[in-house]
Amino acid sequence: MTLHLVDANVLIRAHADYYPIDRIKPFWEWLLAMAEAGHIKTPREIYDEIAGSPDLLGQWLRRPDVKKAIILPEATNGTTVAAVISRGYAPDLNDVEVEKIGRDPFLVAAALGDVGRIVVTREVSSPKKERSNRKLPDVCMTMGVPWMNDFDLWRKLDFRIE
């Protein structure tokens, strides 16, 4: 079974742009069902990035059933995160650059070395960007991690409102 590791922007944009939690409840019920079935997860570091928000998305993520289902159960390996930063961005990033890349390296590290894991992001490849300006799809490609966008995921897992 493929495990899809979702970036924060996937959930943020889904709620803000396409599937507001208070208007398109079937989407969020489906997303929870996919998380409970083990098809969709997010590392704790990505979860923490958005769960503290006071908006409806933060409230939904803090629900005990959602939190239990969506957080990847294993901890992200710090050595692997450091390797993603060094190889995926640059080996000599300064503190400002490390702050700029945020928690994306945790997402890539969670997918690294585990066949059947795919990073899902709203970011778009921009191969000419360097260092802390690199986009998540390009870091994934450098690290040999498969990635897809959110709409490809919705189609692949057959989201539909009937």
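## Salt bridges in the model

A salt bridge is a side-chain nitrogen of Lys or Arg within 4 Å of a carboxyl oxygen of Asp or Glu, and the structure, which is a predicted model, holds nine of them. One of these joins the side chains of R63 and D65, with a distance of 2.7 Å from N to O. Both partners are partly exposed, since R63 has a relative accessible area of 35% and D65 has a relative accessibility of 33%.

A second example lies within a single helix, where the side chains of R155 and D152 meet in a salt bridge of 3.7 Å, N to O. Why can these two side chains be considered together along helix α10? R155 and D152 are three residues apart in that helix, and so they are separated by about one helical turn. In general, an α-helix has 3.6 residues a turn, so residues three or four places apart point the same way. The two partners differ in their surroundings, because R155 counts as exposed at 59% relative accessibility, whereas D152 is partly exposed at 36%.

## A bridge between distant parts of the sequence

E97 forms a salt bridge with R131, and the closest N and O atoms of this pair are 2.8 Å apart. E97 lies in helix α7 (residues 95-101), while R131 lies in the loop between β3 (117-120) and α9 (136-143), so the pair ties together parts that are 34 residues apart in sequence.

Is E97 buried or exposed? E97 is buried, with a relative accessible area of 13%, which falls under the 20% cut-off for that word, while R131 is partly exposed at 28%. This pair also belongs to a wider arrangement, in which D92, E97 and R131 are linked in a network of salt bridges.

## Helix α2 and the nonpolar core

Helix α2 covers residues 25-36, which makes 12 residues, and from its first C-alpha to its last it reaches 17 Å, close to the 16 Å expected at 1.5 Å a residue. The helix is followed by G38, a residue whose phi is positive, near 85°. Within α2 the buried residues are F27, W28, W30, L31, L32, M34 and A35, and these pack against several other elements, namely α1 (8-18), β2 (40-41), α4 (56-62), α5 (64-70) and α10 (150-156).

The largest nonpolar core of the structure has 53 residues, and W28, W60 and L61 are those with the most contacts inside it. Helix α2 gives the most to this core, with seven residues. What does W28 touch, once residues up to four places away in sequence are set aside? The contacts of W28 are L11, A14, H15, Y19, P20, I21, L57 and W60.

## L153 in helix α10

Helix α10 also contains L153, a buried residue with a relative accessible area of 0%. If residues up to four places away in sequence are not counted, L153 touches H4, V6, I40, V120 and M148. For a sense of distance across the model, L153 and E49 are 104 residues apart in sequence and 21 Å apart in space, from C-alpha to C-alpha.

## Two residues in the loop between β3 and α9

T121 has its place in the loop between β3 and α9, and it is buried, with a relative accessible area of 0%. A polar contact of 3.3 Å joins the side chain of T121 to that of N9. Leaving aside neighbours within four places in sequence, T121 is in contact with D7, N9, V10, L136, P137, W147, M148, N149 and D150.

E123 is found in the loop between β3 and α9, and it is buried yet has no salt bridge. Which side chain of opposite charge is nearest to E123? That side chain is K135, at 5.1 Å, and because a salt bridge needs the nitrogen and the carboxyl oxygen to be within 4 Å, this pair does not count as one. The side chain of E123 does, however, reach the backbone nitrogen of L136 at 2.6 Å. Apart from neighbours within four places in sequence, the contacts of E123 are D7, N9, D104, K135, L136, P137 and W147.

Conventions. Residues are numbered from 1 along each chain as its sequence is written. This is a predicted model: local features need pLDDT of at least 70, side-chain atom pairs count only at pLDDT 80 or more; totals for chains, interfaces and linings use all residues. Side-chain values use heavy atoms; hydrogens and water are left out. Helices (H or I, at least four residues) and strands (E, at least two) are DSSP runs, numbered from the N terminus. The expected span of a helix is 1.5 Å times one less than its number of residues. Buried means under 20% relative accessible area, exposed over 50%, partly exposed in between (1.4 Å probe, protein chains only). Contact means heavy atoms within 4.5 Å. A polar contact is a pair of N or O atoms within 3.5 Å; within protein, one must be able to donate a hydrogen and the other to accept it, and residues adjacent in sequence count only if both atoms are side-chain atoms. A nonpolar core is a set of buried Ala, Val, Leu, Ile, Met, Phe, Trp, Tyr and Cys residues joined through side-chain atoms within 4.5 Å. Lys and Arg count as positive and Asp and Glu as negative; His and the chain ends are not counted.
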